[in-house]
Amino acid sequence: MAGRKLPPVILSEGERAELERLSRRRKTAQGIALRARIVLAASMGVRNKDVAVRLGIDPATVGKWRRRFLAKRVDGLHDEPRPGTPRTITDDRIEAVIVKTLESTPAGATHWSSRGMARASGVSVSSVQRIWRAFGLQPHRSETFKLSTDPLFVEKVRDVVGLYVAPPEHAIVLCVDEKSQIQALDRSQPLLPMRPGQVERRAHDYTRHGVTSLFAALDIATGRVIAFSAPLRSRTADVIRTAYAFEHSLQKMAI
């Protein structure tokens with residue numbers, strides 16, 4: 001009994017070129033490459049059974065992709081969208097999360113966290129994280145930049161770098177930094193706000209508006225914290241005297 005006669009697969013030059021390109025894939029999209037080979041073999045008049053033997057697959061698979069190609073041409077070889085749960089977050093809510101992230105700050109904090117944004121926006125934490133990831137938003141990150149106005153900046157950089165790269169004999173490097181001081185700072189350059197794909201950036205240098213020195217100790221027997229601070233803009237000698245007085249008071253308590 002003769003089998004059912006199949007409609008011929010006739011390819012245009014563009015379709016053949018596209019199928020040959022798809023069939024040459026070796027590492028990615030192997031499923032599409034196999035489907036392209038099926039259609040190319042069918043276009044030469046080869047029966048489904050013979051195509052299946054040649055490619056080592058089931059004849060039903062050959063028939064399926066042959067029919068799909070005849071119905072939808074090359075587009076039919078790609079996977080169709082799979083049914084799934086419909087999206088519950090609308091575009092308006094996504095836009096609201098993005099605007100709130102970029103244009104506002106939470107109470108008592110400088111940046112939004114995913115949990116804080118979820119509570120404020122009424123969506124889940126994972127949804128906030130997906131939105132931030134999709135739009136390249138990273139509120140938890142901040143970078144610094146330095147714009148020097150020193151006319152001798154290049155010469156100074158060469159001197160400092162040269163000291164580390166090729167130090168002269170008997171060279172010594174001293175690094176001095178503040179220890180107990182708490183500073184009221186203001187950045188010398190305007191803050192560059194976060195935007196999609198770019199984290200917040202702030203200048204490295206700053207303007208100092210005041211300094212206070214904090215001295216503190218922990219009484220491990222009672223858990224009491226003993227602390228006081230030196231007056232704002234105190235002279236160095238006053239801060240040193242205050243530190244010695246604090247140390248003396250701790251020694252008396254130990255006795």
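Phe153, Val154, Val157, Val160, Val161, Tyr164 and Val165 make up a nonpolar surface patch, and their accessible area adds up to about 660 Å². A patch here takes residues with over 30% relative accessible area and no salt bridge, with nonpolar side chains (Val, Leu, Ile, Met, Phe, Trp, Tyr) joined within 5 Å and like charges within 9 Å. A salt bridge puts a side-chain nitrogen of Lys or Arg within 4 Å of a carboxyl oxygen of Asp or Glu. Areas follow the Shrake-Rupley method with a 1.4 Å probe, and for residues only the protein chains shown count as cover.

This is a predicted model: local features need pLDDT of at least 70, side-chain atom pairs count only at pLDDT 80 or more, and totals for chains, interfaces and linings use all residues. Residues are numbered from 1 along each chain as its sequence is written, and side-chain values use heavy atoms, without hydrogens and water.

Valine 165 belongs to helix 8 (residues 153–165). Valine 165 counts as exposed because its relative accessibility is 66%; exposed means over 50%, buried under 20%, and partly exposed in between (1.4 Å probe, protein chains only).

The chain holds nine helices and five strands. These are DSSP runs numbered from the N terminus: helices are H or I with at least four residues, strands are E with at least two. Of its 255 residues, 24% are buried.

The largest nonpolar core has 19 residues. Such a core is a set of buried Ala, Val, Leu, Ile, Met, Phe, Trp, Tyr and Cys residues joined through side-chain atoms within 4.5 Å. Helices 1 (13–23), 2 (30–43), 3 (48–55) and 4 (59–72) each supply at least two of its residues. Helix 2 gives the most, with seven. Phe69 is among the residues with the most contacts inside this core. Leaving out residues up to four places away in sequence, phenylalanine 69 touches Val9, Leu11, Glu15, Leu19, Val39, Val74 and Leu77; contact means heavy atoms within 4.5 Å. A second, separate core of 13 residues includes Ala118 and Ile131.

Serine 124 sits in the loop between helix 6 (114–121) and helix 7 (125–134). Its relative accessible area is 35%, so serine 124 is partly exposed. Its side chain makes these polar contacts (N or O atoms within 3.5 Å; within protein, one able to donate a hydrogen and the other to accept it; sequence neighbours count only if both atoms are side-chain atoms).

| Side chain | Partner side chain and distance |
|---|---|
| Serine 124 | Serine 126, 3.2 Å |
| Serine 124 | Serine 127, 2.7 Å |
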